[in-house]
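Work through the exercises below with the sequence and the 3D view open. Each task is followed by a solution in steps.

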Amino acid sequence: MSSRRLTSILKFSLLSLMLAFTNSAFADPVKAAFIYIGPTGDHGWTYAHDQGANHLQDQLGDDVVITRIESVAENSDSERVITSLARKNDVIFTTSFGYMEPTIKVAARYPDVKFEHATGYKRPTDNISTYSARFYEGRHVIGKIAGRMTNTNVIGYIASFPIPEVIRGINSAFLAARSVNPDIQIKIVWVYTWYDPGKEADAARALIAQGADIIMQHTDSTAPMTVAEEEDGVRAFGQASDMSAWGPSAHLTSIINNWGPYYADRVKAIRDGTWTSADTFDGVEQGMVTFAPMQNMPDDVKLEAEMTILDLEFGDVHPFTGPINRQDGSVWLAEGETPPMFPDIITMDFYVEGIDSKYPN
Amino acid sequence: MNEGLIIAIIIGISIASVPLIFAAIGELLVERSGVLNLGVEGMMIVGALAGFVVEFHTGSSFLAVLAALLAGMAIASIFAFLTQILLTNHVATGLALTLFGLGIAAFVGRSYTEENIELISALHIPVLSDLPIIGPLLFSYNPLVYLAFFMVFLVWWFLFKTKQGLILRAIGDNHDAAHAIGHNVVRYRVLAILFGGAMAGIGGAFLSLVQVPIWGEDMTAGRGWIALALVVFSSWQPFKVILGALIFGGITILQLHAQGFDVRISAQYLSMLPYLATIVILVTLRMRVKNKTNRTMPNCLGRIFHSTS
């Protein structure tokens with residue numbers, strides 16, 4: 001064996017050793033994947049999750065590599081997408097309620113991969129966590145503003161699908177509005193879509209034609225805000241992200257879904273090896289639900305809204321505080337009573353008394 | 001119910017129907033020539049984006065509509081090239097066109113989701129628009145609404161009152177015979193496809209310029225498919241396109257209002273109605289046609305034309 005050959009072998013061994021050392025000192029980045037129901041440009045639900053992913057990237061820098069897949073329908077497509085992501089990632093955030101069954105199925109097949117399912121409640125294997133936010137606390141704040149700001153005493157509510165999440169929002173907004181304005185009425189229109197700008201606009205126009213001068217939406221596009229902007233004297237609240245750009249004179253505030261800190265915490269936990277299956281349901285207090293700047297309202301209304309936010313932050317108020325009856329008149333909560341998280345809040349499937357609409361069942 | 005509400009409902013119906021009228025009347029002419037283009041949705045979304053982008057940069061509604069028309073034609077020309085020159089299967093090519101249109105519009109339009117524009121305002125004719133009731137009902141729509149009805153008339157006139165229309169129908173019914181007596185099948189079909197693209201483009205632009213002043217990925221949300229169903233509903237008769245579109249748009253808007261008024265019918269059923277109505281109408285139509293054996297469907301619809309000469 002020539003000495004040159006020997007040197008090269010030695011060099012190579014040394015190099016390998018160094019590489020091995022580097023690898024152990026600086027672990028591989030965590031590979032995180034996000035699957036979205038809509039386009040990231042919806043400026044609503046998906047946009048907010050995508051902002052959260054951006055925050056995660058900012059916080060962890062080189063420690064995380066993010067894959068994002070948008071507009072994945074909640075059918076067999078989603079299972080295929082989640083499976084292909086599971087082969088290459090350490091953690092997968094499935095960011096829509098309808099991904100629940102596919103998430104569970106794929107999680108069972110990939111026990112080493114962590115799954116984080118937004119707005120779900122099933123965690124059959126210990127590699128699944130669920131997380132959601134108490135958006136009804138946000139609805140409590142905008143309900144108070146709506147009750148003060150309306151001239152016609154009619155709130156128009158554009159609702160997507162009758163799932164507990166949406167029902168909670170309607171009940172919470174209505175109760176808060178009525179607490180400051182006993183004459184308040186709420187008109188609810190179900191559009192059975194999360195994202196269809198044309199239909200959302202049609203619904204907003206219908207509600208305005210029927211006398212609503214405050215528009216609330218639980219759909220994801222900015223269309224209702226733009227309709228409010230074009231009509232005189234109509235105001236609206238943004239959904240999921242700051243929608244003030246679409247309604248400079250109509251926008252009162254937006255409920256902002258602030259997922260970023262949660263995403264950063266969870267991925268840090270994976271990096272540090274401390275991740276465990278958990279259920280997170282945070283609200284205003286933890287900063288998961290925040291608000292766009294209050295505008296187009298008098299100072300006293302703004303002050304009241306900000307005080308309400310403070311009360312929520314300190315845990316002094318609960319949007320559902322008795323006495324509250326169900327729509328059929330039966331007692332839900334007695335004087336001063338607040339409901340347990342499960343089943344009352346998690347599975348809410350009724351309107352409260354005072355809402356005139358028929359419950360969609 | 002007051003007058004203002006009724007007018008709001010009627011204007012709402014016009015807004016929901018007109019994109020369908022545009023897209024369907026274009027497709028009707030295409031199908032009359034014997035071509036089945038399932039790419040309506042893709043052509044609409046590209047038109048919606050083109051219209052929005054040009055309106056955003058120039059502020060000119062005229063240029064915006066023109067751009068939508070040209071963009072629809074441009075993407076339709078891909079379909080024309082594939083099906084008429086390369087003789088690909090109409091159904092597969094049309095589906096590909098829809099997927100392509102949705103994809104490219106989402107990609108190109110990425111940075112425009114942040115923006116919004118001024119809606120094209122409704123017409124205001126001095127005196128006429130100010131007339132009570134008649135003014136708002138007849139003379140206060142968006143100019144594109146009048147254009148949609150005019151295009152339906154134009155297609156009807158072309159198909160049934162001109163020689164070229166007769167030739168186009170002949171090609172749709174029997175392209176071999178039409179070819180044998182010396183008509184240029186491919187040229188007629190290519191022009192028809194381009195016209196279909198132009199109409200779908202304007203239909204799409206109506207969404208982003210009149211219905212909502214924003215651009216959003218997938219904002220056509222299946223309207224291209226409804227337009228295709230309307231062509232079948234119309235039995236390939238231009239004026240029935242208007243009827244079908246008004247029924248669909250009408251039920252869509254009325255059910256939203258019914259929910260607001262809280263008629264005691266579950267919201268699910270109400271929002272199913274437009275689609276349910278479409279299915280019922282299609283089925284009854286099919287049965288009627290079977291019984292009477294008067295086939296209105298162009299004979300050569302979707303069939304590939306091989307010129308043997």
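**Exercise 1: a helix and what follows**

After α10(B) comes B:S235, which has a positive phi, near 55°. This is a predicted model, in which local features need pLDDT of at least 70, side-chain atom pairs count only at pLDDT 80 or more, and totals for chains, interfaces and linings use all residues. Residues are numbered from 1 along each chain as its sequence is written, chains are lettered from A and ligands numbered from 1 in the order in which they are written, and side-chain values use heavy atoms, with hydrogens and water left out.

Task: state whether helix α10 of chain B is mostly covered or mostly open, and list its buried residues.

Solution.
- Step 1. Helices are DSSP runs of H or I with at least four residues, strands are runs of E with at least two, and both are numbered from the N terminus. Helix α10 of chain B covers residues 223-233.
- Step 2. Buried means under 20% relative accessible area, exposed over 50%, and partly exposed in between (1.4 Å probe, protein chains only). Nine of the eleven residues of α10(B) are buried, and the helix is mostly covered.
- Step 3. The buried residues are B:R223, B:G224, B:I226, B:A227, B:L228, B:A229, B:L230, B:V231 and B:F233.

**Exercise 2: chain A**

Task: describe chain A by its elements, its span and its buried share, then place A:K105.

Solution.
- Step 1. Chain A has eleven helices and 14 strands.
- Step 2. Its C-alpha trace spans about 95 × 40 × 40 Å along the principal axes.
- Step 3. Of its 361 residues, 55% count as buried.
- Step 4. A:K105 is part of helix α4 (residues 100-109) of chain A. This residue counts as partly exposed because its relative accessibility is 47%.
- Step 5. From A:K105 to A:Y157 there are 52 residues in sequence and 35 Å in space, C-alpha to C-alpha.

**Exercise 3: pockets**

Task: give the volume and the lining of the largest pocket, then of the second largest.

Solution.
- Step 1. On a 1 Å grid over the protein atoms alone, a pocket is an open set of points with protein on both sides within 12 Å along at least five of seven lines, a cavity is a set where a 1.4 Å probe fits but cannot get out, and lining residues have an atom within 4 Å of a point. Grid points are joined across faces, edges and corners, and a volume is the space filled by probe spheres set on the points.
- Step 2. The largest pocket has a volume of about 780 Å³. Its lining has 34 residues, and A:R205, A:E230, A:E231, B:I15 and B:L119 lie nearest its centre.
- Step 3. α1(B) gives the largest share of this lining, eight residues.
- Step 4. The second largest pocket holds about 520 Å³. It is lined by 23 residues, with A:I37, A:A73, A:Y195, B:D218 and B:A221 nearest its centre.
- Step 5. Helix α4 (residues 90-108) of chain B supplies the largest share of that lining, four residues.

**Exercise 4: cavities**

Task: say how many cavities of 30 Å³ or more the whole structure has, and name some residues that line the largest.

Solution.
- Step 1. The search finds six such cavities.
- Step 2. The largest cavity contains about 150 Å³ of space.
- Step 3. Its lining residues include A:I37, A:W45, A:F97, A:E165, A:W194 and A:D220.
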